[in-house]
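Me: I'd like a close look at one part of this model, please. Could you take me through one helix and what packs against it, then step back to its surroundings?

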Amino acid sequence: MIWSAVIGASLLAFAFKYLGQSIPQSALAHPRIAKIADLIPTALLAGLVAVQTFANKSELVVDQRLAGLAVAAIALYLRANFLVMLIAATVTSAILHQI
Amino acid sequence: MSRAVIRDSLSISIAVGTYGAAFGVASVAAGLSLLQTCALSLLLFSGASQFAVAGVLGAGGSAVSAIMASALLALRNGFYGARMAPLLQVRGVKRLLASQITIDESTAIALAHEQSSKDDARKGFWLTGGGIYLFWNLATLLGALGANALGDPAQWGLDATIPAAFLGLLWPRLTNTRARLVAVGSVALALILTPLLSPGLPIIACVLIPIIAGWRVRS
């Protein structure tokens, strides 16, 4: 099952990249389409942040992941490097998991 | 070609490429094998989509949910491709290669240099895309090998790595009120739907928010 997700997601991503290179630019230039396309990653990434922080299968829980995310947000606010931010979040969650 | 292009492209390649290590760790922590993790970096090669596949599968979502979440995030690469095509003017095998490395950073570098020199813009695209491809895949392998050696992901705090990575990818997009409202709306919708739908589907439902928000744009 994991392999079908890996191959399926890879094929679709490549198809989008290749189609983009191959169709006339005007086809994607409509302001409404451009605006929606620009906002889709924002919506999905926000949804992923929420689900990955609070969901345990179909249950909503508050655990050490929220503390990790809060530290990540502070790190990003302080303009920390991406890897520094990830390590800070990971270490926070690890410490809370131990106690 | 100007030295600025080479310098910009190389520094971005190394900086962004090393984030591949974070993906390698997160993907293995989510339950993917070393081979599956490396296959995603080699074949999919789009950070947000790769994290989405690992995140959705790790949360117990189906393969179809993982593919849909990944594909929705990869749509933007199509728009980048359409923007790059008139600049690159490539066919055949070169177009296949250009397509695979059409990502956020290669497009951004090309756009940054397009005004001053079309030649620099093209070189920047190839150098940045190719450089990131190399470093991203090497780093993925190292990250995955490291995570494989660790054992239980939660014990090492790796359960917080994926949400933090998504926050890091989201952060630079929150530059205006509309984007922030879309983000807040998506968080709310995803959380409301989590107890109601099977894992993965609440994330895909978030695509409704930008459709509503973007529809009101005047042409």
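Reply: Happy to, and helix α3(B) is a good place to start. A:I2, A:A5, A:V6, A:A9 and A:A13 of α1(A) meet B:S49, B:V53 and B:L57 of α3(B), where a contact means that C-beta atoms, placed from the backbone, lie within 7 Å. Sorted by class, this contact has seven nonpolar residues, one polar and no charged ones; Ala, Val, Leu, Ile, Met, Phe, Trp, Tyr, Cys and Pro count as nonpolar, Asp, Glu, Lys and Arg as charged, and the others, Gly among them, as polar.

A word on the ground rules: this is a predicted model, in which local features need pLDDT of at least 70 and side-chain atom pairs count only at pLDDT 80 or more, while totals for chains, interfaces and linings use all residues. Residues are numbered from 1 along each chain as its sequence is written, and chains are lettered from A and ligands numbered from 1 in the order in which they are written.

Now the geometry. Helix α1 of chain A spans residues 2-22 and helix α3 of chain B residues 47-58; their axes come within 11 Å and cross at roughly 155 degrees. Helices here are DSSP runs (H or I, at least four residues), numbered from the N terminus, and axes are lines fitted to C-alpha atoms over the stretch in contact, with angles from 0 to 180 degrees between N-to-C directions. The pair is therefore roughly antiparallel, a word used for angles over 145 degrees. Their crossing is right-handed, that is, the near helix is turned clockwise from the far one by less than a right angle.

Within chain B, α3(B) also packs with helix α2 (residues 34-44), at an angle of about 150 degrees and with the axes 10 Å apart. α2(B) and α3(B) are therefore roughly antiparallel, and this crossing is right-handed. B:L40, B:S41 and B:L44 of α2(B) meet B:S49, B:Q50 and B:V53 of α3(B). That contact divides into three nonpolar, three polar and no charged residues. B:S49 and B:V53 thus appear in the contact with α1(A) and in the contact with α2(B).

Stepping back to the chains, 85 residues of chain B are in contact with 65 residues of chain A. On the chain B side, α4(B) gives the largest share, 21 residues. By class, that side has 59 nonpolar, 21 polar and five charged residues.

Technical notes
Helices (H or I, at least four residues) and strands (E, at least two) are DSSP runs, numbered from the N terminus. Angles under 35 degrees count as roughly parallel, over 145 as roughly antiparallel, 65 to 115 as roughly perpendicular and the rest as oblique. Two residues are in contact if their C-beta atoms, placed from the backbone, lie within 7 Å.
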